[in-house]
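The following exercises ask the reader to work through one protein chain with its sequence and coordinates at hand. Each task is followed by a solution in steps.

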Amino acid sequence: ATDTSSKEQQSFSMKMVIYGVKKRFPSVSNITCDEFDKLRQQSQELLCLDSRDLQEFAVSHISGATRVDHESDEPWSGVELLNIKNVVCYCSVGYRSSIVAEKLKQFLRSQGRKDVKIYNLEGGVFQWAIEGRELEGERKTQVHPYSMFWGKLLPSHLRHSNL
């Protein structure tokens, strides 16, 4: 019974984090893992930006993702945006990636690029891993927990514990 209640608590906690991120960044569109997976299969004009730190990215990341620095004024600097129609940003749970999505949206709009759809991956790489989706990197079956606090959103078997 403890295992089930623990999973329910993690699920509820993740839902609350997702809700909080959406409230904090109301101008950022979100995309579910299912929707993102479908978009990846359909679109050649897709860019996936991982806005976690280098150490987090090295542990594992979504296939095809490009790591960017969410603290930079222009996190996408050096990334080719010309033929891109869709951008999906992610981090651990969605906060840092929402910052990147918001900055990129403002930049592209200032360049007259209203054709690009920019999304935040709902629940981030944590949700992606919880749903059993494929990762690449040093630990293809685990995710860097960001911190001991945030790592509690991940089931223990998915949590790369190097903290």
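The exercises below treat a predicted model.

**Exercise 1. The sheet**

Determine the order of the strands in the sheet and state which strands form its edges.

*Solution.*
Step 1. The sheet is open and is formed by five strands in the order E1-E5-E4-E2-E3, with parallel pairing.
Step 2. Strand E1 (29-31) and strand E3 (66-67) are the edge strands, as each pairs on one side only.
Step 3. From the E1 edge, three bridges join E1 to E5, and the two strands run parallel. Within E5, Tyr119 stands opposite Ser29.
Step 4. E5 also pairs with E4, in the parallel sense, over four bridges. Here Tyr119 of E5 stands opposite Val88.
Step 5. E4 pairs with E2 over five bridges, again in the parallel sense. The bridge partner of Leu49 is Cys89 in E4.

In general, the strands of a sheet pair through backbone hydrogen bonds, either parallel or antiparallel.

**Exercise 2. The faces of strand E4**

Decide how many residues of E4 are buried, and assign them to the two sides of the strand.

*Solution.*
Step 1. The criterion for a buried residue is a relative accessible area under 20%.
Step 2. By this criterion five of the five residues of E4 are buried.
Step 3. In a regular strand, side chains alternate between the two faces of the sheet.
Step 4. In E4, one side carries Asn86, Val88 and Tyr90, and the other carries Val87 and Cys89. Both faces are therefore covered, since the residues on each side are all buried.

**Exercise 3. The nonpolar core**

Identify the residues with the most contacts inside the largest nonpolar core, and list the elements that give two or more residues to this core.

*Solution.*
Step 1. The largest nonpolar core has 43 residues, and Leu49, Val87 and Leu121 have the most contacts inside it.
Step 2. The helices that give two or more residues to this core are H1 (2-24), H2 (33-42), H4 (95-110) and H5 (124-130). The strands that do so are E2 (46-50), E4 (86-90) and E5 (117-121).
Step 3. Leu49 may then be examined individually. Leaving aside residues up to four places away in sequence, Leu49 touches Val87, Val88, Cys89 and Tyr90, as well as Thr66, Val68, Val79, Val100 and Leu104.

**Exercise 4. A nonpolar surface patch**

Find which residues make the nonpolar surface patch of about 340 Å², and classify Met16 by its accessibility.

*Solution.*
Step 1. The patch is made by Phe12, Met16 and Tyr19.
Step 2. Met16 lies in helix H1.
Step 3. The relative accessibility of Met16 is 43%, so Met16 counts as partly exposed.

**Exercise 5. Salt bridges of Arg133**

Locate the salt bridges that Arg133 forms with Asp34 and Asp37, and state which parts of the chain are linked.

*Solution.*
Step 1. The count of salt bridges in the model comes to eight.
Step 2. One of them joins the side chains of Arg133 and Asp34, with an N to O distance of 2.3 Å. This pair links distant parts of the chain, 99 residues apart: Arg133 is in the loop between H5 and H6, and Asp34 is in helix H2.
Step 3. Arg133 also forms a salt bridge with Asp37, where the closest N and O atoms are 2.8 Å apart. Asp37 is likewise in helix H2, 96 residues from Arg133.
Step 4. Arg133 counts as buried because its relative accessibility is 17%. Asp34, at 45%, is partly exposed, and Asp37, at 23%, also counts as partly exposed.
Step 5. A further salt bridge joins the side chains of Asp115 and Arg113, at 3.1 Å from N to O. Salt bridges that share partners, in turn, join Asp34, Asp37, Glu131 and Arg133 into one network.

In general, side chains of opposite charge can pair when their charged atoms come close.

**Exercise 6. Two loop residues**

Classify Ser77 and Tyr146 by accessibility, and describe the backbone of Tyr146.

*Solution.*
Step 1. Ser77 is found in the loop between E3 and E4. Its relative accessible area is 54%, so Ser77 is exposed.
Step 2. Tyr146 is found in the loop between H5 and helix H6 (148-151). At 37% relative accessibility, Tyr146 counts as partly exposed.
Step 3. Tyr146 has a positive phi of about 70 degrees, although Tyr146 is not a glycine.

Key: Residues are numbered from 1 along each chain as its sequence is written. This is a predicted model: local features need pLDDT of at least 70, side-chain atom pairs count only at pLDDT 80 or more; totals for chains, interfaces and linings use all residues. Side-chain values use heavy atoms; hydrogens and water are left out. A nonpolar core is a set of buried Ala, Val, Leu, Ile, Met, Phe, Trp, Tyr and Cys residues joined through side-chain atoms within 4.5 Å. Buried means under 20% relative accessible area, exposed over 50%, partly exposed in between (1.4 Å probe, protein chains only). Contact means heavy atoms within 4.5 Å. Patches are made of residues with over 30% relative accessible area and no salt bridge: like charges are joined within 9 Å, nonpolar side chains (Val, Leu, Ile, Met, Phe, Trp, Tyr) within 5 Å. Accessible areas come from the Shrake-Rupley method with a 1.4 Å probe; for residues, only the protein chains shown count as cover. A salt bridge is a side-chain nitrogen of Lys or Arg within 4 Å of a carboxyl oxygen of Asp or Glu. Two strands pair if DSSP finds at least two bridges between them.
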